[in-house]
Structures are given as C-alpha cells and as structure tokens.
Amino acid sequence: MTVDLNSYSVRTDLALESREIAQPDSTIPIPGVSEEVEDVRGIKVTKIHVQTEEGSRAIGRLPGRYITIEVPGLRRKDSQLQDRVTTKFAQLFEGFLGEVGLNKDSKALIVGLGNWNVTPDALGPLVVENVLVTRHYFEIMPDQVSPGYREVSAVAPGVLGVTGIESSEIVQGIVERTKPDVIIAIDALASKALERVNTTIQIADIGIHPGSGVGNKRRGLTKDILGIPCIAIGVPTVCYASTIVNNAIDYMKEHFKQETNHTRDILGMLDDISEQERLMLVKEVLEPLGHDLVVTPKEVDEFMEDMANIIASGLNAALHEAVDTDNVNAYTH
C-alpha cells in the first residue's frame, strides 16, 4: 500500500516556513536557495531567493524572490510600530519593483482577492478600498496630474462562488483593456505557525493562486497567464486545526522539558516521532470527524483592518513618489 504523504504535509503559503520545514537549521544553506535576514527593533525581514530548480524542489516553492516581514508586536496594536512597519514595507516594496524591472512610470493594477463577506478572507478588498487610485485622472485630465504620481487602478473581483467567474478571467479582461505594466495581487494566506497569523506580510514575484490558502485549486494570476509581472502580497490570516494541535504538542514538549527529564513517560511515542509523522497522526484523527477546521483568531476584525491599512499605506508611498512615507496614513481611512 502506498500512502500519499503530500496530503499530510504542513499547510503553509509562506516560503519562509517551507524553507524551515526543508531545513530547520537556518545556518545550514540549501543548494539553490539564498537567504538574508535582518532584524531591527522588532521588525524581522527575511529575503529568500529560490534560484534553481534544485532549490525549488528542496523547499517546494517556485523559483523567484520572496520577502517576509515578521512583526509579532503588531498584536499589541501599537500605532507607532504600525507606522514603522508601513514605512519598512513601502521601502521594501519600492525596491522589489526595481528588482522585477519596473520603473517610476510603470502602470500598476492592484487586485484585491478574497470575499468581502468573510472577514479572514477580506484583506484584498479592504486594501483596494484604501489605496490611492489615479488612472481616471490620467485618462480624463492628464495635464493636471501633479508630478510624482503614477497611473494606478484597482479592482476587487470577488470570488468564484459569488460571481461565477474565475478571478483570473476577470483580471485578464481588465489587463487586455487597460494595459497595465504590473499586477499587484493581495490575498489572505495560511500559516503553519500561530504566532505568524496576522503579524506577517509576504511579498513574492511569482504571482498568486486565489483560494490556495484554504486548499482550493484556482487558475492563477501569473506572468505566464497574464503576460506581465505579477507581484503577490499576502498575510496569513488562518491556520488549520491539525496544525494548531501539532503546534500545541510542540509547546507541551518544550514546557515539560523545562520541568522534567521524563518527557518520554508523559508524551510516549509523541516525543519521538517526526513532525510530519505527528501531523499525519493528527489529521488521521481529525479529518474523518470533519474537525480539521480552518481557524482564525477571535480578534480578526481588528487585525484585518490594521494589516489592510499597513499594506494600503505602504503601497501608496511605494507607488507614488509624491506620497511622503512619513504621512502615508493620511491617504487611508
């Protein structure tokens, strides 16, 4: 009998977590994958570049650039920290645009993926609501547009279950009509670590597949499909129940190790088996009962508003030279 272990793998959309699963020791390099880490005043930035097919297979991510911004302190709702994260995100994103070959005049289409009516999935529409759009000014009164602004349009195409149309089909039609130079897609993601939910932002140049965070296979927004660069911005807003149980066992192991040398007597076989084997066991228990739920924190409403404002404000500053990074929050509401 052959068991498909992929169905029991840890569910995550973060390249950083995929690298951690492939090689838990960050000091040991993975061939074909480069990594830079910077941690300043509570904002940790990890840049991962998957350079080869070997590296892609090793961590299970497409070749490309990935930036992860981790800020555990965002859960404290510290407004000064939120402003610093906004500024850092703007700086990183502006540099990212240059790395994918775009300049200050490149036209951008911002796509807010997700469902307005489901709070953990509403990140994309919330960002679209707060970004500074200018394309209509360039179309109607181009001579009156002040220097320092670029042509930006935005759309929240909804979800297949509401519209009956794939998001990528809607975006493809818009791309054909409006001819942007880059697509910036925002979506909610899934994480394997509770501490990263609603405290982490990922930027990637490989595009995005709507619905991937909850295991749905959808036609993607990628350069291969749409013909222009597609930059994905994501925030993990959910975890799977099986992942939470798995994490809880890890936390218990660490707690018992501090209290006693006899963790084997308390946890039995759970103290010896690997993380993937343990996750397989948890899923075998939960899935037949229908209990492998998609879980989000009870404060998700506040978290979503905060993360959407950080991303929208950062995008406004990164895309428009005239928007001062010290006053980016003035452009959101």
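Here are some worked exercises on the predicted model shown above.

**Exercise 1. Get your bearings: how many helices and strands does the chain have, and what share of its residues is buried?**

*Solution.*
- Start with the secondary structure: you should count 12 helices and 9 strands.
- Next, burial. Of the 333 residues in the chain, 48% are buried.
- Then take the surface, which comes to about 16400 Å², with 50% of that belonging to carbon and sulfur atoms.
- Finish with the contacts. Take those between residues at least 6 apart in sequence, and 72% of them join residues at least 24 apart.

**Exercise 2. Decide where to be careful: over which residues does pLDDT stay under 50?**

*Solution.*
- The overall picture first: the chain averages a pLDDT of 84, and 85% of the residues score at least 70.
- Now look at the start of the chain. Residues 1–8 stay under 50, and the model gives them 8 contacts beyond four places in sequence.
- At the other end, residues 329–333 are also below 50, with 15 contacts beyond near neighbours in sequence.
- Where pLDDT is low, the predicted coordinates should not be read in detail, so leave the fine points of such stretches alone.

**Exercise 3. Work through β4: which residues lie on each of its faces, and are they buried or exposed?**

*Solution.*
- Count first: 5 of the 5 residues in β4 are buried.
- Split them by face. A108, I110 and G112 sit on one side, L109 and V111 on the other, and all are buried.
- Now find the neighbouring strands. β4 pairs with β5 in the parallel sense over 4 bridges, and V111 has V155 as its bridge partner there.
- β4 also runs parallel to β6, joined to it by 5 bridges. In that pairing, I110 is matched with I184.

**Exercise 4. Trace the largest nonpolar core: which residues have the most contacts inside it, and which element gives the largest share?**

*Solution.*
- This core has 41 residues, and F93 and L315 have the most contacts inside it.
- By element, α12 supplies the largest share, with 10 residues.
- Another core lies apart from it, with 14 residues, including L109 and V111. Those two make up one face of β4 from the previous exercise.
- Zoom in on L315. Leaving out residues up to four places away in sequence, L315 touches F89, F93, I110, V127, V131, I184, I186 and I233.
- Follow one of those to strand β8, where I233 lies. I233 has a relative accessible area of 0%, so it is buried.
- Again leaving out residues up to four places away, the contacts of I233 include F89, F93, I184, I186, I311 and L315.
- Check one pair along the backbone: I233 and I186 are 47 residues apart along the chain, yet their C-alpha atoms are separated by 4.7 Å.

**Exercise 5. Look at α4 and at N316: what covers the buried residues of α4, and which backbone nitrogen does the side chain of N316 reach?**

*Solution.*
- Helix α4 spans residues 123–130, and 7 of its 8 residues are buried.
- The buried ones are L123, G124, P125, L126, V127, V128 and N130.
- Their cover includes β4, β5, β6, β8 and α12.
- Move over to α12, residues 300–319, which holds N316. With a relative accessible area of 2%, N316 falls under the 20% limit and therefore counts as buried.
- Its side chain reaches the backbone nitrogen of L132 at 2.8 Å.

**Exercise 6. Compare two residues with positive phi: are R41 and N198 buried or exposed?**

*Solution.*
- As background, most residues other than glycine have a negative phi.
- R41 has phi near 50 degrees and is found in the loop between β1 and β2.
- Those two strands run antiparallel and are joined by 8 bridges, with E38 standing opposite V45. Their hairpin has 2 residues between the strands.
- R41 has 62% relative accessibility, so it counts as exposed.
- For N198, phi is near 65 degrees, and the residue is found in the loop between β6 and β7.
- N198 has 1% relative accessibility, so it counts as buried.
- Put together, R41 is exposed, whereas N198 is buried.

Key: Residues are numbered from 1 along each chain as its sequence is written. This is a predicted model: local features need pLDDT of at least 70, side-chain atom pairs count only at pLDDT 80 or more; totals for chains, interfaces and linings use all residues. Side-chain values use heavy atoms; hydrogens and water are left out. Buried means under 20% relative accessible area, exposed over 50%, partly exposed in between (1.4 Å probe, protein chains only). A polar contact is a pair of N or O atoms within 3.5 Å; within protein, one must be able to donate a hydrogen and the other to accept it, and residues adjacent in sequence count only if both atoms are side-chain atoms. A nonpolar core is a set of buried Ala, Val, Leu, Ile, Met, Phe, Trp, Tyr and Cys residues joined through side-chain atoms within 4.5 Å. Contact means heavy atoms within 4.5 Å. Accessible areas come from the Shrake-Rupley method with a 1.4 Å probe; for residues, only the protein chains shown count as cover. Two strands pair if DSSP finds at least two bridges between them. pLDDT is the predictor's confidence in each residue, from 0 to 100.
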